[in-house]
Amino acid sequence: MTDDNYQRLHRMTQDALQGGGPRRIDAQHGKGKLTARERLEVLMDEGSFVELDRFVEHRSTDFEMETQKILGDGVVTGYGTINGRLVFVFSQDFTVFGGSLSEAHAEKITKVLEQAMRVGAPVIGLNDSGGARIQEGVASLGGYAEIFQKNVLASGVVPQLSVIMGPCAGGAVYSPAITDFIFMVYGTSYMFVTGPEVVKTVTHEAVSAEELGGASVHSSNSGVADAAFENDIDALTMVRKFMYYLPSNNQEKPPKITTTDPSTREVESLEQLVPEDSSRPYDMKLLIQKIVDEDDFFELQPDFAKNMIIGFGRFAGESVGIVANQPMVLAGCLDIDSSVKAARFVRFCDCFNIPILTLVDVPGFLPGKAQEHGGIIRQGAKLLYAFAEATVPKVTVITRKAYGGAYDVMSSKHLRGDVNLAWPSAEIAVMGAKGAVEIIFRQDIGDEKKIAQRTESYKQKFANPYSAAARGYIDDIILPKQTRRSVCESLKMLANKTLQNPWRKHGNIPL
Amino acid sequence: MFRKILIANRGEIACRVIKTARRLGIATVSVYSDADTQSLHRQSADESIRIGPAPASKSYLDPCAVIAACEATGADAVHPGYGFLSENVAFAQSLSERGITFIGPNTHAIAIMGDKIESKKAAEIAGVNVVPGFVDVVRDANDAVRVANEIGYPVMLKASAGGGGKGMRVVSDDEECKEGFIQASHEALGGFGDDRLFVEKFIEHPRHIEIQILADQYGNVVSLGERECSIQRRHQKIIEEAPSPFIDEQIRERMSSQAIRLAKSVNYVSAGTVEFIVDRRRNFYFLEMNTRLQVEHPVTEFITRIDLVEEMIRISAGEALSFKQSDIGINGHSIECRLYAEDPSRDFLPSTGRVNSYLVPEENDAVRIDSGIKEGSDISIYYDPMIAKAISFGASRDDAIDSMLSVLDRCYIDGVLHNVRFLSALLSHQRFRDGDLTTTLIAEEYPDGFTNGPIDNVDIDLLVAVAAYAHVKTEGRINGLAPQRTIKKVAVLSDRQISLKLMADPEGYLVSIGDKDLLIESQWCIGDILFFAVVGGRSVCIQMQRITNGYRLTHSGCQIDVHLYAPRVAELSQYMVEKESPDLSAFLLSPMPGLLVSINVEVGQKVKATEELVVVEAMKMENTLRADRDVVVDEILVEAGDSVTVNQPLLLFRRE
């Protein structure tokens, strides 16, 4: 080796590190965005990032592209640690060709995906890209498809997380869409298949990028985003926290935390959570917050399909996926959006050995033409399928209503629920007492007194957890204040649960 | 002595009466409405009985329901607490007709003192100082002007049946007087069904000081000294103390002897309070007499060590007072703060909802918490939104204030808005420390309401160090890397960045800020809301709620957000810009939870600024929401009769 080579390495490294140059970096900062490398500094443990393919360049010769080459070609890839745990990352660099995806750029991404799968480590993608490198034509399209293919192969093998931190448009959206979670940043990120210009041309509808596919839209209307954050730093630091709920791959369990929050902690105030009048709502999130370790619940999709709550918490230090009906919204009914929201989450937990706690207060499926015509049959079936298929530990607590088919769906005993508990206020029945009586005793409908009498006797018989408990559908009836203790005990008992589904190529979940 | 006492009240006062009754070995009965089925006062008593639906008029204010409850449970006495039926002559009368003892004064005294004009006459006759004025009803507006000129402006027009600021007007010239007369009599008629008004001298910068008396059935009357209750908002006391920092032994003596004379003149029996208004030159004038236990009675109990409820019970049972005036010693100083569910930033509008978290300090010889709720309780729209009373005691006034500040630091309430930080800020205010109190202090010092205590009230370095301690402890737990000896962090606040170094120390963490070292020793566990620590030898309690990358810290009435970053991340945080929040000005938002009574506009209607839009009722109060600019109603998002939550959009506007 010669001094020349050292100097060359030094120079090239310097070149690579400055990305698109100071002017473009300033522009990036001006929008409130960090650069690709700065983002990695925030995301990874200090000094842990190891870059790969720093010297990759595109090979395009059309449209004078051979004169425009920047080392790294618009994406920074590599590996490092988050809280000491190995992860692979790619971070698109908007300052280089607008972060556009060339064949070489795509190869860098597929390379880290492959390596991550080989060593069993999660992949985090930081997306900030104008789209395909148009100058490369079909080579760029091929690049996308190569990434999609790798994403699909990695799905269920290692966790994949996408953080959208700038534009992500056209075919590019489908890589994040296949990954397990999408996080976005308010105001500076957007995702859409066809952009505002196309919309304008085709439908004559004027719409801004933000209105079409901003973080607000995807976190509240479309359900595409799992979480949205104020800025780059919040998003990246929350990713660090989030990753600690997940195992590195499908062969491991999630990491455990040591906590001083006692498993036996009683929560007296839960005795008053469920109102005496069963038509009054209450906030299921309060139950979650009061029973998880240290009052810490990482909610996902908090603004979408709010009649269902999903997210991660810990019990006795162990990561648990929580699925809960929210009586505050649509009385906690299952509908299309909430079923799909929960189904995908349940399947994620099942892929990655994360136990599932299901909190039930569900009066049934949401009735109506919109739901039926929208396919609640096949959409609701997804949740049923997901719970039935899951082999991880499943603990269910029924706080109040568990009516009809929705009772079956919500991780019931019949769907291999491991521990199914109920509060004394639980009503496990085909339907509410009044409705049931009006069907069984149709001839008495005119007679108010008789109906009241019959309703009372139906309530006595079914508006409680006892007939379900008598059949063993409920393992125990617990006091609300003891919920945390019971959940912790159940999960501890289930820690070594093994259950195998029959071999098959893959099941055929109704999509 | 009584066998069984029924407490015709709810909330903290019912719980407080039950405590004394139980100590005396008397069985207790609590009454409850449908809104209180899971309430603390119901659960505290030996037995409980339902008296009706949620609205007070159909339960706690319904004499028949309460009497029926007495008969059903066999109670031989009733303690009415304060408010509700405590000053209801007919109720007391009906009880005595049934041979049930009303623990309170005779109906004669209640009746006279319940009427502003009658009580003032009685006071004059008894030789009690009264506010210069016309001790009779004024006939009309011209009569009012004549009387006002005799007394000299400014004067106050007051409804004879009034209370709570309704039917009251301060006027300073003839014109205002005429107008005020019409408004006040109208309000009085609407509010009390009685439009009689009288006129008296308006005392500027007044203080409110009252004398607690006890009288038995044998003509013995004693004074338990005064309480100062000048700190008020919406004409309601929120901080009281005893003794008053304003009056001396001589004035105390004169006020007491007048109060005793007044009590004797109406053959008063039981506990009672004679309220005075005191001007800058320590002239005092009779305001009214409350013929019941007062909310703020605990401060008197602390400095006299006499249990007023016990004395009320003994007196009603026919016992003579066991002590003479000369036996009553006044020792130390006591302060009471009323913790209300309300919004100090929005004119103290009541806040309702479920109290999701409720942490208050343990009681001891110098700290008392009279609480009517527990974690999980509802603050309903039907009743007074008081959550609890915190009472402190100290050898000196300063000790009592310091002790109360520490109590408030340890009160954590979540789920409803509350005034705890406001109370801390008030106690920390120089005027309060100096004892420079008037009933107008809050209006003068907080004209735009209260949002946060002055940042100078707290030691920012201390708060930042505590936040860093918690952050590093939490991070260290999940950080798989080898622990570092020295950890560098930068605390990012809204207006500054502070660099810190943390070093693990056998005692805790040594936090260096600049050339200042703070040793933090604490047993704090991750997730605890209250951070108790000894920092540089000083004990502190700081409330900390987790926020993204840091903590929201509350201490001494101040709340600040502290974000903690690694130095490089802090450097990068300079590029983060404030994002515009979605434009909600196009909406009319409900400022409070309540019932939407009426919508006074239609879709497409053009509305001028200040015109009425909708009426929301909360806590029995109708609040009219008006347009703050010219708009067109684009969409109506609610219906009359809907329950609305705070900040719920009610109307959507569009620009013309």
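**Helix α4 of chain B and the interface between chains A and B**

In the predicted model, helix α4 of chain B (residues 89–97; helices being DSSP runs of H or I with at least four residues, and strands runs of E with at least two, numbered from the N terminus) holds the buried residues Phe91(B), Ala92(B), Ser94(B) and Leu95(B), where buried denotes under 20% relative accessible area with a 1.4 Å probe, protein chains only. These residues lie on the same side of α4(B), because they cover an arc of only 160 degrees around the axis, the arc being that of the directions from the helix axis to the C-beta atoms. The buried residues of α4(B) pack against α3 (63–73), β4 (77–79), β5 (101–102) and α5 (107–113) of chain B. Just after α4(B), Gly99(B) adopts a positive phi of about 75 degrees.

At the interface, 39 residues of chain A are in contact (heavy atoms within 4.5 Å) with 30 residues of chain B. The area buried between the two chains (accessible area, 1.4 Å probe, lost on being put together and summed over both) is about 3000 Å², of which carbon and sulfur atoms give 52%. Across this interface 4 salt bridges are found, defined by a side-chain nitrogen of Lys or Arg within 4 Å of a carboxyl oxygen of Asp or Glu; one of them joins Glu294(A) to Arg477(B), with the closest N and O atoms 2.6 Å apart.

Residues are numbered from 1 along each chain as its sequence is written, and chains are lettered from A and ligands numbered from 1 in the order in which they are written. Local features of this predicted model need pLDDT of at least 70 and side-chain atom pairs count only at pLDDT 80 or more, whereas totals for chains, interfaces and linings use all residues, and side-chain values use heavy atoms, with hydrogens and water left out.

Definitions and conventions: Buried < 20%, exposed > 50% of the residue type's maximum accessible area, 1.4 Å probe, protein only.
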